[in-house]
Amino acid sequence: MAAQPLSRMLRQLLRSSARSCSSGAPVTQPRPGESARAASEELSRRRQFLREHAAPFSAFLTDSFGRQHSYLRISLTEKCNLRCQYCMPEEGVPLTPKVNLLTTEEILTLARLFVKEGIDKIRLTGGEPLIRPDVVDIVAQLQQLEGLRTIGVTTNGINLARLLPQLQKAGLSAINISLDTLVPAKFEFIVRRKGFHKVMEGIHKAIELGYNPVKVNCVVMRGLNEDELLDFAALTKGLPLDVRFIEYMPFDGNKWNFKKMVSYKEMLDTIRQQWPELEKLPEEESSTAKAFKIPGFQGQISFITSMSEHFCGTCNRLRITADGNLKVCLFGNSEVSLRDHLRAGASEQELLRIIGAAVGRKKRQHAGMFSISQMKNRPMILIELFLMFHDSPPANPSISSWDPLDVQGLRPKMSFSSQMVTLWKGYRVPQTPPLAQQRLGSGCFQRHYTSHADSDANSKCLSPGSWAPAAPSGPQLTSEQLTHVDSEGRAAMVDVGRKPDTERVAVASAVVLLGPVAFKLVQQNQLKKGDALVVAQLAGIQAAKVTSQLIPLCHHVALSHVQVQLELDSTRHAVRIQASCRARGPTGVEMEALASAAVASLTLYDMCKAVSRDIVLEEIKLISKTGGQRGDFHRA
């Protein structure tokens, strides 16, 4: 790309005149004797010249739908000094060990790589980015990257007034401040901490230092703060604010409910009733916001319509979490660990191939609000920032024989998890094995799938653990009489009407021996029928929900949780399946778990039978069950 150096030179030239964009510090200062209009015209000419002579946009950052990703969000930390209800579960989240978080040098290395390929805007997020001790130094070093035009931060504002003068001097050019209420008592209720006046002080400090506009992010939740829409809009009368109303979005742990969401159109109607002269502003390219202005007001209002009217078609954003995962969609649960490849010694070109493969898999749009609410995804606090099934490089630090394109890190991981995945309280479920034990075989990486169909948003996912047999526990009540046969030997359904409701959990497993040919196609997702792991996963969930329709004398059980996990075993050319079910009721859920594992294995056979019929389904068995009068069972 011979034109690349020219492009960088032009960007640097432009950057020297205007170091900011929509949310920046004062942009172009006219030279002595030069009018502001002349300076603006000069800036316009330079931008036009850059557009006409710029190098082609990086193929690594262009997805299969032609979207060019020029905006990178980097999470500096998972920690936060607030506990916002829509962002973090009340009990907090298990934090990644410090050794597994990106170091400052790793952050800057990745930022340098992305900017070199065409990223011109970086936003620092968290957790709360301003609690990271070296945040000012990070901004200062990012400022030195040639071609980077905007450095922004999204903050809760608690530490902003104290740090902003240093951050501005280091090169911070854009600020987003989260504030969901103008009522101090309600602020404490929403964020579960004090600090309202510190946030307001931070907003006024940003205005005082010349940031224009200062963006204020407000997540609108029905029954909580939708009555403050007009008060927030009124703030823009005398202040250079862009108040951005955000539709309440589902993330793990925030108990999302459609009824809590106030749609963009409903918010717009409310504001229009007060200010019918409200004007729609032109939309900026790749903008996530629909902007409006009340005539005569200094600032403006905007709406982030992620749920009701998605903006996927123009999305230009990528995210790097605090633990080093590249996330190409906020609502997707597909991630690939750049940290692991970086620490394994991957070259710049290898990292770019991994990044390009992940970007190339980005879907046309997210699944829609109702599907998203059922998906397992990180809590919001960890997105702008768990390693159960990360796609990690070999334990051997040498990568001489490692081709990143053959690594399953290039395949999407369909759910996030973490090394700290916790157990369901009160249940004996095998814990997640260490990261080093996740790799199966000597020359191949695992491809994992895990699913959740859970009515309890606070439940933690089950881990397949080490798949080691478990030992029986509790009283083992046995009966010499079959419970589904009456005294005359006829089939009969057991009467459970008088049995007490108890919490029931069951885990079952199965193994599908595919053979080398079918295994490779599944591993690389090359089957003509489609993604076998995804289809089998969905089939297992569906089977658990309709078990009573498949097994004649089974009672119908209202399941509160179903999870199906599939794990590739390269040493046996097999797929190992684990299904877990949970319910509260008078009867157990082992049949649901067994049906789930069995149907998932049958589905894998169906998906692969065109390639090979030498496929063996084996080891369909109950691993454990808890609850009920007969006591707990854990397979020995």
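Is C554 buried or exposed in this predicted model?

**View 1. The cysteine C554, together with C581, in a model without disulfides.** At a relative accessibility of 13%, C554 counts as buried, because buried means a relative accessible area under 20%. C581 counts as buried as well, its relative accessibility being 0%. A search that covered the whole structure found zero disulfides, so the definition of a disulfide, a pair of cysteine sulfur atoms within 2.5 Å, is not met anywhere in the model.

**View 2. The salt bridge between D63 and R67.** In this view the closest N and O atoms of D63 and R67 are 2.6 Å apart, and the two residues form a salt bridge. Both partners are hidden from the surface by the accessibility criterion, since D63 is buried and R67 is buried too. The pair belongs to a model in which the count of salt bridges comes to 19.

**View 3. The salt bridge between E228 and K186.** The closest N and O atoms of this pair are 2.9 Å apart, and E228 thereby forms a salt bridge with K186. Because E228 lies in the loop between β5 (214-220) and α8 (229-235), while K186 lies in helix α6 (residues 184-191), the pair ties together parts that are 42 residues apart in sequence. E228 counts as buried at 3% relative accessibility, and K186 is likewise buried, with a relative accessible area of 18%.

**View 4. The salt bridge between K529 and D606.** Here the side chains of K529 and D606 meet in a salt bridge, with a distance of 3.4 Å from N to O. K529 is placed in the loop between α14 (516-523) and α15 (532-545) and D606 in helix α17 (residues 590-608), so the pair ties together parts that are 77 residues apart in sequence. K529 is partly exposed, with a relative accessible area of 48%, and D606 is also partly exposed, with a relative accessible area of 31%. Elsewhere, salt bridges that share partners join R572, E618, E619 and K621 into one network.

**View 5. Helix α6 and its buried side.** K186, which also takes part in the salt bridge with E228, is one of the buried residues of α6, the others being F187, I190 and V191. These buried residues cover an arc of only 120 degrees around the axis, which puts them on the same side of α6. The face turned away from that buried side carries the exposed residues A185 and F189, whereas the buried residues of α6 pack against α7. After α6 comes R192, whose phi is positive, near 60 degrees.

**View 6. Helix α7 and the elements that cover it.** The 13 residues of helix α7 (residues 196-208) should span 18 Å at 1.5 Å a residue, and the end C-alpha atoms are 19 Å apart, which agrees with that expectation. Within α7, the residues F196, V199, G202, I203 and A206 are buried. Seen down the axis of α7, the buried residues fall within an arc of 125 degrees, so they line one face of the helix. On the other side of α7, H197 and E208 are exposed. What covers the buried residues of α7 includes the helices α5 (160-170) and α6, as well as the strands β4 (174-178), β5 and β6 (241-247). Just after α7, G210 takes a positive phi of about 95 degrees.

Technical notes:
Residues numbered from 1 in each chain as written. Predicted model: local features only at pLDDT ≥ 70, side-chain atom pairs only at ≥ 80, totals over all residues. Heavy atoms only, no water. Salt bridge = Lys/Arg side-chain N within 4 Å of Asp/Glu carboxyl O. Buried < 20%, exposed > 50% of the residue type's maximum accessible area, 1.4 Å probe, protein only. Helix = DSSP H or I, 4+ residues; strand = E, 2+ residues; numbered from the N terminus. Expected span 1.5 Å × (residues − 1). Arc of directions from axis to C-beta. Contact = heavy atoms within 4.5 Å.
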